[in-house]
Amino acid sequence: MVTNRQFFYISPEIYLEGERVSPIKHEYRRGEVYAMVGAKKPHIVLGTNLATLLNIHLANSPCLVLTSDIKVRLTEANCYYYPDIAVVCDEREINNTDDFILYPILVIEVLSKSTEAFDRGDKFIDYQTCPTLQEYILIHQNQKKIECYRREESGVWKEQIYEVGNEVEFRSVNYRGSIDNIYRKVPGLV
């Protein structure tokens, strides 16, 4: 994410109009717009692996697995973010043709050096305002490590870390699988 040093407030409506014609993607946070940088091959392979595994797992369900070209609108936080993967199961989303979603149950971000602090900090805080979100997943691309933040029934977010040799569980979509499947063919990892 590249920060604009001068702050000029942009309304969500103007942001959405501009985003529809822009050749590059931008995220929106409370009136500020940030250009998104391109991803490296490990990032892309991880996103593809996760989308494939989740699509196969959810093939006979009403859920949709959406990749990094869809925005999540966080109304309460006044943000629009492009997660690497989002899963929606709410029927209000299934036939909706908007260029953003409102009701994700699972959001996955593949970490990079330039976005890691934001993904773990302010972005996660903003995502916590989404009442339907059950899990927020951070995937490391330079090691086999997955951080799962799960909203408990009490509303408290609990962390669970998966590493080499672990079976990964995304409870929001009832997915269980080997961490090795998620990291299959990721360049730089053995």
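Is K185 buried or exposed?

1. With a relative accessibility of 73%, K185 counts as exposed, where buried means under 20% relative accessible area, exposed means over 50%, and partly exposed lies in between, computed with a 1.4 Å probe on protein chains only. K185 is found in the segment after α6, and although K185 is not a glycine, its phi is positive, at about 65 degrees.

2. A word on the basis of these points: this is a predicted model, in which local features need pLDDT of at least 70 and side-chain atom pairs count only at pLDDT 80 or more, while totals for chains, interfaces and linings use all residues. Residues are numbered from 1 along each chain as its sequence is written, and side-chain values use heavy atoms, with hydrogens and water left out.

3. An open sheet of five strands follows the order β2-β1-β5-β4-β7, and its pairing is mixed; helices (H or I, at least four residues) and strands (E, at least two) are DSSP runs numbered from the N terminus, and two strands pair if DSSP finds at least two bridges between them. At the edges of this sheet stand β2 (32–35) and β7 (100–101), each of which pairs on one side only. Strand β1 (residues 26–29) and strand β5 (residues 79–81) run antiparallel and are joined by two bridges, with R29 standing opposite C79 in β5.

4. Helix α1 (residues 12–21) packs on the sheet and touches β1, β2, β4 (71–74), β5 and β7, a contact being heavy atoms within 4.5 Å. The direction of α1 makes about 175 degrees with that of β1, where axes are lines fitted to C-alpha atoms, for helices over the stretch in contact, and angles run from 0 to 180 degrees between N-to-C directions.

5. In the loop between β1 and β2 one finds R30, which is not a glycine and yet has a positive phi of about 50 degrees. R30 counts as partly exposed because its relative accessible area is 37%.

6. The largest nonpolar core (a set of buried Ala, Val, Leu, Ile, Met, Phe, Trp, Tyr and Cys residues joined through side-chain atoms within 4.5 Å) has 28 residues, of which L54 and F170 touch the most other members. Helix α2 (41–57) is among the elements that each supply at least two residues of this core, and α2 gives the most, with six residues. Not counting residues up to four places away in sequence, F170 touches L50, L54, L106, I108, E135, I137, Y175 and I182. A second, separate core of 21 residues includes L66, I101, F124 and Y149.

7. Strands β12 and β13 (residues 175–178) run antiparallel and are joined by four bridges, and the partner of E167 in β13 is S178. Their hairpin has four residues between the strands, and N174 there takes a positive phi near 55 degrees.

8. L111 lies in the loop between β8 and α4 and counts as buried because its relative accessibility is 3%. Although L111 and H140 are 29 residues apart along the chain, their C-alpha atoms are separated by 5.4 Å.

9. The largest pocket is lined by 32 residues, of which A39, H43, V110, S112 and Q141 lie nearest its centre, and α2 gives the largest share of the lining, four residues. On a 1 Å grid over the protein atoms alone, a pocket is an open set of points where a 1.4 Å probe fits, with protein on both sides within 12 Å along at least five of seven lines, and lining residues have an atom within 4 Å of a point.
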